[in-house]
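Visitor: I am new to this structure and would like a close look at a single part of it. Please take me through it slowly.

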Amino acid sequence: MKAKGKFLFMVLLLVMLVSFPGVALAQFDDYGYNAEGRLFKGTLDNWEALMMGLPSSPHELNELDTVYVNRQWDKLFDPMIEGSPPSGPGAWQKAELWEYFSGNQLGWTWHLNLEVVYSPNNPIPGAIVLEPEATGFIGFYCVDYYEWMEGPDGEKNVIANLSINRSIIQRALHFCPSE
């Protein structure tokens, strides 16, 4: 039994060593953007500066009154970073935003988690339609939206909660109307 455990440990270690270098070598720039990993970890101000071609702004981790963003997206969504439509239906982006408040709300933190899916040919039932003015293109749907406030004593106030079942999303993406 010990030999089997050691073998399993060695296999897991080997898998970690093989997969880790790619993750470890992926670089984030001054904005918090990692093109290779399709990730952004930084402030909302730096995301907007990146998109507009402006210089990044330095920031401290956990600054008050600063909106932080963690974003990730798939390969189909990549063209959106350059201002072009996604390369196909099913393209997605997930984002997590938060802000630590000051003043009379000191100790409170605002949170928002969301996921957007591109479905240009078919609507996703129950999802929030994102208007072209917000995205630049038609066919985007918010399929997960969870917003809440967290207090200094661990209290949690849910503001909004929407989650579309994955099977509904998949049906919309693969639905072909009969001609």
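Does threonine 109 count as buried or exposed, and why?

Guide: Before turning to that residue, please keep in mind that the model shown here is predicted. Threonine 109 counts as buried, because its relative accessibility is 10% and buried means a relative accessible area under 20%. As for its place in the chain, threonine 109 belongs to strand β5, which covers residues 109-118. When its neighbours within four places in sequence are set aside, threonine 109 is in contact with residues from two stretches of the numbering: Trp98, Glu99, Tyr100 and Phe101, and also Trp148, Met149 and Glu150.

From there we can move on to another residue, leucine 173, which sits in helix α4, made up of residues 166-174. Leucine 173 also counts as buried, since its relative accessibility is 18% and the cut-off for buried is under 20%. Its contacts, again without the neighbours within four places in sequence, are Pro89, Gly90, Val117, Tyr118 and Ser119. Val117 and Tyr118 in that list fall within the residue range of strand β5, 109-118, so that helix α4, through leucine 173, touches the strand in which threonine 109 lies. Serine 119 deserves a separate word, for leucine 173 and serine 119 are 54 residues apart in sequence, while their C-alpha atoms are 6.1 Å apart in space.

For a contrast with these buried residues, consider the loop between α2 (44-52) and β3 (67-73), where asparagine 62 is found. Asparagine 62 is partly exposed, because its relative accessible area is 45%, a value between the limits of 20% and 50%. Its phi is near 70°, which is a positive value in a residue other than glycine. Aspartate 65 is found in the loop between α2 and β3 as well, and although it is not a glycine, it has a positive phi of about 60°. With a relative accessibility of 44%, aspartate 65 counts as partly exposed.

Helix α2, on one side of that loop, brings us finally to the surface, for methionine 52 has its place in this helix. Methionine 52 is exposed, because its relative accessible area is 62% and exposed means over 50%. Together with Met51 and Leu54, Met52 forms a nonpolar patch on the surface, and the three residues have about 300 Å² of accessible area together.

Technical notes
Residues numbered from 1 in each chain as written. Predicted model: local features only at pLDDT ≥ 70, side-chain atom pairs only at ≥ 80, totals over all residues. Heavy atoms only, no water. Helix = DSSP H or I, 4+ residues; strand = E, 2+ residues; numbered from the N terminus. Buried < 20%, exposed > 50% of the residue type's maximum accessible area, 1.4 Å probe, protein only. Contact = heavy atoms within 4.5 Å. Patch = residues over 30% accessible without salt bridge, like charges linked within 9 Å, V, L, I, M, F, W, Y side chains within 5 Å. Areas by Shrake-Rupley, 256 points an atom, 1.4 Å probe, with all protein chains shown as cover. Salt bridge = Lys/Arg side-chain N within 4 Å of Asp/Glu carboxyl O.
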